[in-house]
Amino acid sequence: MSIAVSGKVKTKMPTDLKGKEKNRKITWKEVKKQKVLLFLSSLFVLYGIIFCYLPLVGWLMAFQNYKPKEGFFHSQFIGLSKFVQLFSDDLFIRVIRNTLAMGAINLVATFLTAIIFAILLNEIKSKKGKKVVQTISYLPHFLSWIIVTGILHDALSGTGIVNDLLVRFHLLKEPINFFAYPKYFWGIVAFANVWKETGWNAIIYLSAITGIDPSLYEAAAIDGAGRWGRIKHITLPGIKPTIIILLLMNIGNVLNAGFEVQYLLGNGLVKSVSQTIDIYVLKWGISQGDYSLGTAAGIFKSMVSIILIVVANQMAKRAGEERLF
Amino acid sequence: MKRKQLTAAFMVLTMAAATMMGCAKDAQTSKTTTDGGKEIREYTAFFAVPGNEINDDNEIQQMIAEITGAKVKETWLTGQTAEEAVGTLIAGGEYPDFICGSDGTAQLYDAGALVALDDYLDDYPNIKNFFTEEEWDKLRQSDGHIYWIPQFNNSYGENIETTHNDEAFWIQTRVLKWAGYPKITTMDEYFDLIERYNEANPTMEDGTANIPYTILCDDWRYFCLENAPLFLDGYANDGSCIVDPKTEKVIDYNMTPTAKRYFQKLNEEFHKGIVDPESFTQIYDEYIAKLSTGRVLGMIDQWWNFAYTVNDALKQQGLEDQGCNYVPLPITIEKGVQNNWHTSGDTLNVGSGLSISVDCKDVEGALQFVNDLLSEEVIRLRHWGVKDVDYLVGDDGLFYRTDEMRMEAANTAYKASHLCTYSYFPTYTGMSQDGINACKPEIQPLEFLSGLPKNVQECLEAYGCKTYVDMIGTNPIPGPWYPIYSFVGTMTTATEGGTAWTKIGELKHEYLPKVVMATDFEEAWTEYQEVYNGCNPQSFLDEVQAEVDRRIEVSKQSAQ
């Protein structure tokens, strides 16, 4: 993500200034004229280099048998053997599966609920009611995961409110310990994400909806479009560019399926479905002192993310839609 | 134009400078001055074990600072394992002044994060005398230096044992009382008693349902589930495997017939509803909360893992009168197997201890503080508290406490604002230097007895016991390798055996709960067995065997 952004800052300014003549060369005179702008923008480039590119030196660790005592310069180079070790580990393969699955489920769930929620919220006539609902709905965003998982743990435990209700309404005979069965785990994580982020994510769509010309709605109403018709033909097309840009950005984040939720909600019984790449890095890299293995897993994750974002971007380009780059 | 540029350049420089300054480390140990004008050195400490933070203006900490000229801000492990916390510290490359790596100690040593202490020791008599020359030698690492000082199980004078600080099958005294204090020695009898009691008394006095038996299975604390087979067969707590004292050979306890019987029993009890259905999903805090309500009749645990918090909670809620306190039982798999839950004598855990990190600017000062902490005066402050406030002195010189004082000492707020034990710094146990009193209230024989909850007193009397330890008897340390967990704790995936060990741990976390919950035990056990054998357990056992042999050899040499 940050790579894309800093790249954008670097190139955007000259393209904007080029104006009509596309093939005009950049002359010294022009550079001199814009030196303040260039100087200011160089700070951002510098920021990108220092905080996004310099840390990549750490990737060297993945190709070394890195020992903290010896540092970069004295650790022995071992080529790709850490990657070989990674991919011959069944556990790592399973961890990739979990990460992709949970990432995809979360993406679809949070993405859809946010759009639907924003549209529904927009249809509320009472201004006060709208504000109240919006405020309440984005409050969970400010809770930390440890609190959210604490609430979930309580609510979904054998004696928690969910089981209480289900048993009282005779939907269940006996309480289910939801955290004891792997089949519920991905659903619980997706639910947690939806509950926490829907209100927050909806804000951006709401503001996009506000940007739609009200006269379009009036015209549609005159033409006999009902509520549903207006949503379908005006609201949705109106926020389509926003939807696509956000989707692209989120696709690059699919592998960041989460660390805290799974780490805090997981237990021995659901281990096979709960562990993500980040947890793997912590367990087998950091806590065993095998930093090389952890870095290798991290590189793999970054590579997949870059590929995903490029592919998604190309698809958007083909379809003639908005895109990131 | 020019001026604007200059301003811009100036601003950039300021920003850059500010960033740099933020990164620069303090070159000096920070200091504060007390009211008396004395300078107090301040250190930081991180202990990779869970603990309770005390208030910044803690009263006894301030008194100790007046005496020693130093104080330490302690931080503890929260919500992760020791290895994870230590691994993150190493990756960050910045350490506090004092550090105790617990299970992550070996990683700290490998990363070169610790200061070698052996050259300094001679200047600090209290530290030097803390161990014998032979014990110091046991602490030497592969490069011949000493990097950490184990803090515990070091008796000054006579070793007094009142509490069984380790693992056991615990049971509430109300269960034993109801049954007329029967003699319970086997696992089957234990569960049978709990079953019968729960059938006759399904709830507590206030109507809360009992939880007959719960198992803590949270992360590294899953010993409450996994290592019972070792004890059931009558071996001492070597932790990760059995070392047979007769043959001096390492035995794997995971696949013994006893292990199968134990897990089969748990499986049966699980389906009978005796084992708490939330056992395998509860986290430590939930477990402690459960025990604190007095609902849980029995469990396996280490005393230090539950007793301090739970006993205080029971006391504050008046649940002692309902007989909710726990006592240990001498359980084995069959009658006739000699139980070995308790070993007497000082167990030196060479695997971890208090270290000083390479980031400590003032190693001499830090060691001076550790040295001063071991003086009689400060040890008394740490464990007994302030004279006439936390304890009284009788005419015969014996220390004792009133009931109110005991109540205060169990109060969380009071512990944070007043008491300061510096619990992960080296300390003595047993008799103190005055020859009359014990180092700590809980091992002072008279104070221990009068401090015991009534229900425990009654129970101990009924069994003809004076202390918790008497309930299960005591055994000598089995051999010079003991405890071998101090070696296993240092294993990492850097070796084949270490990898096997880590894999086995991961596997057991997943499969043991499955085995207990399975509807078809035999099938689940067979599956577990297969996956288990796929982890190459032999390589782990071989590496442990080599260490056992090495330790035996070392002790033979120093005996000559």
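Let's start on the outward side of one helix: in helix 8 of chain B, Asp192(B), Glu199(B) and Ala200(B) are exposed, meaning that 12 or fewer other C-beta atoms, placed from the backbone, lie within 10 Å of their own (20 or more would make a residue buried, and anything in between partly exposed). The model is predicted, so local features need pLDDT of at least 70 and side-chain atom pairs count only at pLDDT 80 or more, while totals for chains, interfaces and linings use all residues. Residues are numbered from 1 along each chain as its sequence is written, and chains are lettered from A and ligands numbered from 1 in the order in which they are written.

On the other side of helix 8 of chain B, Met187(B), Phe191(B), Leu193(B), Ile194(B), Tyr197(B) and Asn198(B) are buried. Viewed down the helix axis, the buried residues fall within an arc of 155 degrees, so they line one face of the helix; the arc is that of the directions from the axis to the C-beta atoms. Their cover includes helix 7 (173–178), strand 6 (211–213), helix 10 (228–232), helix 11 (257–272) and strand 9 (296–302) of chain B.

Now step back to the whole chain. Chain B holds 24 helices and 13 strands, which are DSSP runs numbered from the N terminus (helices H or I, at least four residues; strands E, at least two). Of its 560 residues, 42% count as buried. Residues 24 or more positions apart account for 78% of the chain B contacts with a separation of 6 or more, a contact being two C-beta atoms, placed from the backbone, within 7 Å.
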